[in-house]
Each structure stands twice: as C-alpha cells, then as structure tokens.
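Here are a few friendly notes for you on the cysteines and the internal cavities. Have the model open beside you as you read.

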Amino acid sequence: MDVESVPKFAKPPAAPRRRHGCWNACLAPVAVLVLIAVLIVILTFTVFKAKHPVTTVNSAKLRNLQVSVSIAPLGINLNVTVDVDISVKNPNKVAFKYENSTCLLNYRGEQVGQAPVPAGEIGAGRTKQMNLTLNVLANRLLSNSQAMSDFLSGVLPLNTYTKMPGTVTILGLFKVHVVSTTSCDLSVLVSNSTLGNQQCRYETKL
C-alpha cells in the first residue's frame with residue numbers, strides 16, 4: 001500500500017521588519033544629531049557670526065594744558081593730560097568678554113601716552129562707555145619737529161589705538177576667541193580743548 005508522502009513545508013524566512021525597525025531606531029537619533037549639528041553650524045556662521053566691537057571716541061579733551069615757549073633755546077614746554085571718552089558697542093547676539101587691554105595715544109606715528117582698560121563684559125547688542133585718562137609723555141611729543149607748528153596752528157593731530165582680546169560664547173557651547181583692534185585718527189582743537197574730526201578703522205581676528 002502506497003502511503004502518500006506529506007510534503008514538508010520549508011520554514012518561512014524571518015521577517016526583516018525587526019531588522020529594519022532596529023535600523024530605523026538607530027538612525028533616528030543619529031539623524032537628529034546631524035540635523036542639530038547642521039543647524040548649529042548654520043547659526044554659527046550667520047546669526048551668531050562673531051562681529052567686531054565698534055569703538056567710537058565721543059570726546060577728547062586736553063586737561064591741565066600748560067604750554068610755554070622758550071626763546072633761548074627755542075622750544076616748547078608742555079604739561080598736558082588727555083581725557084578720552086569712548087564707547088564700545090557689541091553688535092554680537094551674545095555677550096563679549098574682553099581681557100585687560102591698553103589704549104595707546106600716538107602723535108604722528110609715535111606713542112606719547114597710554115591708559116589701561118580693565119577687563120569687563122559687554123552684553124549682546126549693548127554699548128559700554130569708558131572714561132580714560134592718558135598722561136602725555138611731553139618729552140616724546142616735543143621731540144617731534146612738527147610739534148611746535150601743530151600747537152601754533154591750533155590743531156593737534158592724535159591717534160588712539162586700542163587692542164581688545166576677548167571671547168564670545170555661542171549657544172553656551174562654543175567659545176570663539178576674538179581680537180578687536182580700533183585705530184582712530186582725531187584732531188584736538190588746542191584753543192578750547194575740544195574734539196575735531198575723527199576717522200576710525202576696525203579690524204577683527206578670530
């Protein structure tokens with residue numbers, strides 16, 4: 001008697017859904033992290049891109065100005081202090097923390113005075129005013145052959161140079177080191193010790 005053989009059915013292959021589900025579960029957080037990283041990079045180079053602080057000389061006054069002309073030998077005796085009122089604007093979307101720096105006073109390319117600028121912080125989009133007192137080194141100023149003619153003309157050409165190293169922290173994660181330099185050419189009217197024309201140049205290094 002022939003017995004019909006019962007066909008053996010092969011086991012169905014395992015459904016790949018679990019594997020696909022595992023891949024999806026693993027790729028989802030990776031994709032989110034990549035998206036966040038891309039957004040941070042975009043914001044870093046657009047909205048939160050580090051910009052240079054803008055320094056403006058609001059006023060420069062000669063204080064305790066004492067000038068006398070000696071006949072023999074011909075020369076000028078000078079005693080003067082320069083009060084400089086400057087404002088520093090932080091155009092960044094985050095605070096700018098700056099280190100101790102120095103404001104230099106130059107006359108026709110030679111340093112004739114300086115004043116310390118203590119470390120501090122300027123809030124996002126805020127402007128900070130600073131009152132600096134620069135003691136002029138009279139011997140350096142008078143050593144320039146053009147000093148007498150400038151005083152007699154009533155206009156003293158000066159230059160202020162400030163270098164402010166600091167940092168801005170983007171999104172509370174990334175610290176960007178910024179070195180901002182400002183050079184302002186200005187003219188001081190000797191007769192009334194007031195500020196004349198000024199022209200400033202800015203440079204920022206990241």
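1. Let's start with the bond between C184 and C200, whose sulfur atoms sit 2.0 Å apart in a disulfide. Do keep in mind that this is a predicted model. The structure holds one disulfide.

2. What does this bond connect? C184 belongs to strand β9 and C200 to strand β10 (residues 194–205), so the disulfide ties together parts that are 16 residues apart in sequence. As for its hand, the S-S torsion is about 110°, so the disulfide is right-handed.

3. The two partners can be told apart by accessibility. C184 has 1% relative accessibility and counts as buried, while C200, with a relative accessible area of 22%, is partly exposed.

4. C103 takes part in no disulfide, and its nearest cysteine sulfur, that of C184, is 8.7 Å away. C103 counts as buried, at 1% relative accessibility.

5. C103 and C184 turn up again in the lining of the second largest cavity, together with T55, V57, I86, T160, T162 and T182. This cavity has a volume of about 40 Å³. Its lining divides into four nonpolar, four polar and no charged residues, with β1, β8 and β9 (174–189) each supplying at least two.

6. The count of cavities of 30 Å³ or more is two, and the largest has a volume of about 60 Å³. Among its 11 lining residues, V80, V82, V136, L141 and L156 are the closest to the centre. The elements giving two or more residues to this lining are β1 (54–70), β2 (75–89) and β8 (155–170). By class, the lining of the largest cavity has 11 nonpolar residues, with no polar and no charged ones.

Technical notes
Residues are numbered from 1 along each chain as its sequence is written. This is a predicted model: local features need pLDDT of at least 70, side-chain atom pairs count only at pLDDT 80 or more; totals for chains, interfaces and linings use all residues. Side-chain values use heavy atoms; hydrogens and water are left out. On a 1 Å grid over the protein atoms alone, a cavity is a set of points where a 1.4 Å probe fits but cannot get out, and a pocket is an open set with protein on both sides within 12 Å along at least five of seven lines; lining residues have an atom within 4 Å of a point. Grid points are joined across faces, edges and corners, and a volume is the space filled by probe spheres set on the points. Helices (H or I, at least four residues) and strands (E, at least two) are DSSP runs, numbered from the N terminus. Ala, Val, Leu, Ile, Met, Phe, Trp, Tyr, Cys and Pro count as nonpolar, Asp, Glu, Lys and Arg as charged, and the others, Gly among them, as polar. A disulfide is a pair of cysteine sulfur atoms within 2.5 Å. Buried means under 20% relative accessible area, exposed over 50%, partly exposed in between (1.4 Å probe, protein chains only).
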